[in-house]
Amino acid sequence: MVQLDSKPATGRSAAAGGADAAQGVRSKGLNSNSVGLLGNSVIGVSTVAPVYCLTTTLGTTVAAVGLQMPALFLAGFLPMMLVAFAYRELNKAVPDSGTSFTWTVKAFGPKVGWMCGWGLVVATIIVLSNLAGVATEYFYILLGEVTGSDWLAGLNDNKAAHVLTCLALIAVATAISYRGMTATKGVQYALVGLQLTVLAVFAVMAISKAVSGDVAGSLDFSWSWLDPFQASSWSAFIAGLSLSLFMYWGWDACLSANEETGGSEKTPGRAAMLAMVVLVGSYLFTAVAVQMYAGVGETGTGLGNPETSSNVFRALAGPVMGPTLGVLLFVAVLASAAASLQTTFIPVSRTVLAMSVYEALPPSFTEVNRKYGTPGRAIVTAGVGTGVFYTVMTLISENVLTDTIAALTLMICFYYSLTAFACAWYFRKDFTRSVRDAVLKVVFPVTGGLILTGIFLQSLKDMYSTDYGSGSSVLGIGSVFVIGVGVLLLGLVVMAVMMKRSPAFFRGEVLTKETPALVLPE
């Protein structure tokens with residue numbers, strides 16, 4: 001049940017509790033002031049996992065749009081930045097760990113808000129499983145490179161060894177997340193610093209070798225690479241844009257940690273903006289460097305070669321950095337996936353905590369560990385769910401797992417666009433107050449939401465085809481479409497169950513626009 005008295009929060013001082021009481025705000029029990037601007041920005045970058053995203057997306061984006069690959073990374077940044085303004089403005093008004101769920105409930109009511117929360121939670125579970133799989137793959141690649149043993153490197157192809165290693169990594173990430181933001185922050189400084197440093201070295205070396213003219217297939221830089229309108233077709237443009245959206249997804253982890261961040265009204269929004277700038281800079285620099293070095297040809301190291309495009313950094317590490325330094329790039333990919341695997345528990349666990357506090361999920365998830373100030377049960381449940389999902393999908397079919405990841409675009413566009421529209425509706429009365437309010441609270445969010453809605457609808461159309469993703473189908477319908485739409489429809493089924501268990505929330509009696517930003521479960 002929700003309690004709005006002045007009971008002091010776990011892990012917070014009486015003075016802090018009194019200050020909050022004066023403002024009509026209550027804590028959920030999370031440790032406040034556990035992280036600052038830099039730490040929160042690092043968490044945002046880490047959750048996105050830039051090195052991991054690049055190695056899995058560079059080649060596939062070239063397959064969709066050719067030389068316009070850098071332009072699509074820039075185009076994908078635009079709707080994400082517009083939505084980031086919506087998150088920042090909503091966080092100033094309602095600094096709640098439920099983020100998209102809480103804000104959308106306040107704007108559009110409990111049913112729409114519940115589905116928005118569902119989209120975030122399910123997308124995160126799917127990404128966690130993929131991150132664990134990539135971390136496992138690079139763990140064995142690194143072992144093989146360091147030891148020179150083909151047998152060790154080949155263990156990744158052993159399904160039993162792969163799944164067991166994957167489950168072990170998930171368990172370690174769960175344990176670190178369980179110990180709180182302080183433990184998370186310390187690990188992230190090292191992992192994010194490592195991956196960005198190695199990525200910068202790789203990009204500089206790639207450009208240097210491309211400029212020397214000694215690399216077969218290398219290209220001279222052209223400003224036309226940054227023009228997204230030179231894509232061959234609208235479908236190709238949307239396909240490339242969908243891939244670039246995936247590369248930015250996860251920055252909102254900064255906002256999910258708002259109740260644990262010093263200056264919760266402003267710092268998380270600033271951290272999100274800083275993380276986005278770091279990401280777009282890293283992506284553009286690396287995309288241009290790789291395209292200059294490798295080109296887009298279908299032979300050798302060309303990005304159009306399927307052997308290169310499926311795992312770009314694995315193919316280019318040796319040629320660009322040499323056998324010794326090339327190992328560092330494998331370490332960077334492993335660090336990127338491992339770091340993101342750990343921080344991605346933040347948004348899913350905090351969203352589940354908030355949904356439970358507001359009676360939208362079973363009350364057991366309101367449990368907060370008194371020692372670490374973390375939503376322990378939500379974190380452990382997310383870890384178990386990730387392990388089960390990955391194991392089942394791997395045993396059923398690798399094509400199913402691939403198509404599930406491809407369907408992520410739908411879930412990402414779904415809950416980001418809802419949040420953007422929620423911002424505009426929540427602040428609609430501020431539209432005439434000032435130019436700033438009109439632009440940042442309404443115009444930018446609506447524009448970002450409309451762009452993402454367009455991508456959602458076009459992706460639905462494209463995913464219906466049996467040629468999309470792995471090429472598999474169900475009753476003549478593309479399996480990516482079936483999975484994506486099926487996951488969202490499953491949310492309606494789960495919501496129907498919760499409506500019977502928690503009717504007060506769905507009647508709009510628990511969380512309204514007037515409800516204080518943070519509440520404490522009994």
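1. In this predicted model, Glu89 and Arg436 are joined by a salt bridge, with 2.9 Å between their closest N and O atoms. Glu89 belongs to helix H4 (residues 69-93) and Arg436 to helix H19 (residues 435-463), so this pair ties together parts that lie 347 residues apart in sequence.

2. The two partners do not fall in one accessibility class. Glu89 has a relative accessible area of 2% and is buried, whereas Arg436, at 36% relative accessibility, counts as partly exposed. The latter value falls between the 20% and 50% limits, which means neither buried nor exposed applies.

3. Glu89 has a further salt-bridge partner in Arg88, with an N to O distance of 3.4 Å. Arg88 is also a buried residue, its relative accessible area being 19%. The cut-off for buried is under 20%, so a value of 19% still qualifies.

4. Asp437 pairs with Arg433 in a salt bridge whose closest N and O atoms are 3.7 Å apart. The limit for such a contact is 4 Å, so a separation of 3.7 Å is accepted. Asp437 is buried, with 7% relative accessible area, while Arg433 is exposed at 59% relative accessibility. Through shared partners, salt bridges connect Arg88, Glu89, Lys92, Asp430, Arg433, Arg436, Asp437 and Lys441 into one network.

5. How many salt bridges does the rule give? The count comes to 10. Among them are the pairs Glu89 with Arg88, Glu89 with Arg436 and Asp437 with Arg433.

Methods. Residues numbered from 1 in each chain as written. Predicted model: local features only at pLDDT ≥ 70, side-chain atom pairs only at ≥ 80, totals over all residues. Heavy atoms only, no water. Salt bridge = Lys/Arg side-chain N within 4 Å of Asp/Glu carboxyl O. Buried < 20%, exposed > 50% of the residue type's maximum accessible area, 1.4 Å probe, protein only. Helix = DSSP H or I, 4+ residues; strand = E, 2+ residues; numbered from the N terminus.
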